[in-house]
Amino acid sequence: MKSQQLRQLLDSLSLDEKIGQLVQLSGEFYQAQNIATGPQKSLGITQNLVDLSGSVLNVTGAEQVKRVQEEHLKKSKHPIPLLFMADIIYGYHTVYPIPLGIGATWDPKLVEEAYHNTADEASASGVDVTFAPMLDLVRDPRWGRVLESTGEDAMLNSHFARAMVNGLQKDLPNGRGLAACIKHFAGYGAAEGGREYNSADISLSNLKQNYLPAYRAAVDAGAKMVMASLSTLNGVPGTGDQWLIDDMLRKQWGFDGVVISDYASIQELVDHGFARDREDAARLAITAGVDIDMKSPCYANGLKQLLNQGRISEEKINQAVWRVLSLKNDLGLFENPFRGASIERESHSILSSDKRAVARKMSQEAIVLLKNEDEVLPLAKQSNKKIAVIGPYSDEADLIGLWAVHADSNDTVTLADGIKEKLNDSYYSISKGTDILRDKKFFDQFGTAEESVKRSISSNEEEIKQRQKSLKNAAKADIIIFACGEHPLQSSEAGSRVLLRLPQNQVDLFNELVELQKPIITIVFSGRPLVLTDLVSKSSALLQAWFPGTEGGHALADILFGDYNPSGRLSMSMPYIEGQLPMHYDHLSTGRSEETSQHNSRFVSRYVDSPSKPLFPFGFGLSYGELVYSKLVMERSQLKLGETVESYVTINNIGNYNRYEVVQIYFHDDVASVAQPVKRLVDFKRVFIKAGETKQVKFSIPINQLGFYDRKGNYQLEPGTFTFFAGSDSMAMLSEQVELIQ
Ligand code: NOJ
């Protein structure tokens, strides 16, 4: 539709029809299958409003979408198609590793391909918009939603943000893409204490330096939508933050797309004590620039009154409706309200072998090898050694994490499936040993149906039998693979925890296995970095598998048996103990650094009862074989503003394995008017290097990227020296200095 026609359509709408466009309801209002992704409460919405509403939440499937769309269009005076929006966070039916695993790939190109595939699958099922990517920077793994983030670094997150948006939206013009809705704008990732839905307090310089860049990168890449955060940032709820939405996002960044609230978050402005009542909440949200009200009755029941009372202008409503109609128009819905929805396309696209192949590759790249004592890995496929695979994840299909709400874990390749394809069955045994979690109270608090609890918790007799069987298997074996981890319900949304340990029943089983004094290869499945200190020290090797997705079992077996040399590198620090949290590698220099202070050891920045360093730092990960960083050369020692410095890092693969290496470059601004991080990632390259090969890896670093935000939020680049570091993680030690001169 031409812009002029769209304008005419807007002008012809009644006030009720306009308000309807700003209301989003979920499946149950359309007699469609309902996926609960938030609190369920009666909304006081009339049938008339349902008929007028502009978008639907989490209804998917070509057949269902077509039916709902058809019925909707029949009922509306002006046939304005519904927008179908859904939470497709890291895969639709073909599920990739959780975003924290995606972060560990350091491979934005592959991520773009994966999100492109996701868009193909989900658009075939009638989805128009996905509530992804989540771009919240995270520093505290107590927060369950770290699962949805690519990690703790602004620059790395920005690379992934661009890749995800590009992948999702690449095929928008031909109906096979998804519009990206980036979220949660902004600062939700800094929820205090890691407690879900808690407030965030972030200084302006920290916000601009660390929390906003990934959003900015996604907006610049053309993301069509933004979801406002339901949390407060410096006291103001994201859903009512005019400074953030209207001033920054729209005016300063030039974003002209749709802003949507989070689930019920307009109504929650009342609970925040920010709005007097629901009407007031509607006024604050629409004034801040929120166009669509997701699952709250505030716009539906409040905007008309507000207008009649002169508390908002019709222009405000028109602007919001215009943006919603423009999105529908950009997606081509007026010409074809069903867009990509097609049962036939679904049958080719969903879980196709090429999509599974990309998922397998992504899982391989996401898994991080954290320890490999005496090169216990990789295992030989043909040897006389017997392997006992033990633990609740040894044959568990739920490897997709809690936010893969549209996928079916029956489509997943389990660890046991993967191993069976590599080994002759006389050489391995598989036994569960114990349940993932045996704490009934934990399930009860979610109101989990009695039946499903019964299924996931074995009786005491069964538990004893399971344990005995696995101890017998272990006794007969030469090597033990221990597959353990969090229950999927323990992470993701509303999955905050204070103790980031394995469930005690798993710890007990592990300790019994340790007593057998055989090499143990531990595989950890989790939605966050757990505290693995004890597990690491008692294991010969340890693989962090995250929730690795549909092809997880294949990828793990590929790594265990050397068909893929692990290349994953942590994008979030792994704590030594929970009391260190929050933590991140790019912390500011303190006046009393543990390493460099002249004070005696008591009066330095440290804990008296724990190391202050993480168990494994940001950027860390092992591969098979050995590689050394031998040289860092900065081509120039002095530069002026606007110039670029070329640098060269020499790496030597002195081991026997071909591998990928993620070469990382960090810098430190030596003297600045605001204390600066000890290190900041400035660039990285993922390079393939053969056994015995030496490679020089080139980087071009624009000096203008080395600035910082001062306390007033202004970008500063001050003359003086900068130290660059090169290495395989954030402890990178090779260093060189460069000076910025005026
Ligand atoms: C609440 C979550 O915070 C958000 O990320 C999600 O997209 C919505 N629910 C919709 O399900």
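The overall architecture of the chain is described below, followed by the surroundings of Ser149.

The model is predicted. Its chain contains 23 helices and 26 strands. The C-alpha trace spans about 75 × 70 × 45 Å along the principal axes. The radius of gyration is 26 Å, which agrees with the value near 27 Å that a compact globule of 742 residues would have. Contacts across long stretches of sequence account for much of the internal packing: among contacts with a separation of 6 or more, 78% join residues 24 or more positions apart.

Of the 742 residues, 62% count as buried. The exposed surface of the chain amounts to about 28200 Å², and 47% of this area is supplied by carbon and sulfur atoms. The side chains include 78 positive and 93 negative ones. The centres of these two charge sets lie 0 Å apart.

At the residue level, Ser149 was examined. Ser149 is placed in the loop between strand β4 (129-130) and helix α7 (154-169). Despite its position in a loop, Ser149 has a relative accessible area of 1% and is therefore buried, the cut-off for this class being under 20%. When neighbours within four places in sequence are set aside, the contacts of Ser149 are with Pro99, Leu100, Met134, Asp136, Leu137 and Val138. Gly101 lies 48 residues from Ser149 along the chain, and the C-alpha atoms of the two residues are separated by 9.1 Å.

Conventions:
Residues numbered from 1 in each chain as written. Predicted model: local features only at pLDDT ≥ 70, side-chain atom pairs only at ≥ 80, totals over all residues. Heavy atoms only, no water. Helix = DSSP H or I, 4+ residues; strand = E, 2+ residues; numbered from the N terminus. Rg over C-alpha atoms; globule rule 2.2 N^0.38 Å. Buried < 20%, exposed > 50% of the residue type's maximum accessible area, 1.4 Å probe, protein only. Contact = heavy atoms within 4.5 Å. Areas by Shrake-Rupley, 256 points an atom, 1.4 Å probe, with all protein chains shown as cover. Lys, Arg positive; Asp, Glu negative; His and termini not counted. Charge placed at Lys NZ, Arg CZ, Asp CG, Glu CD.
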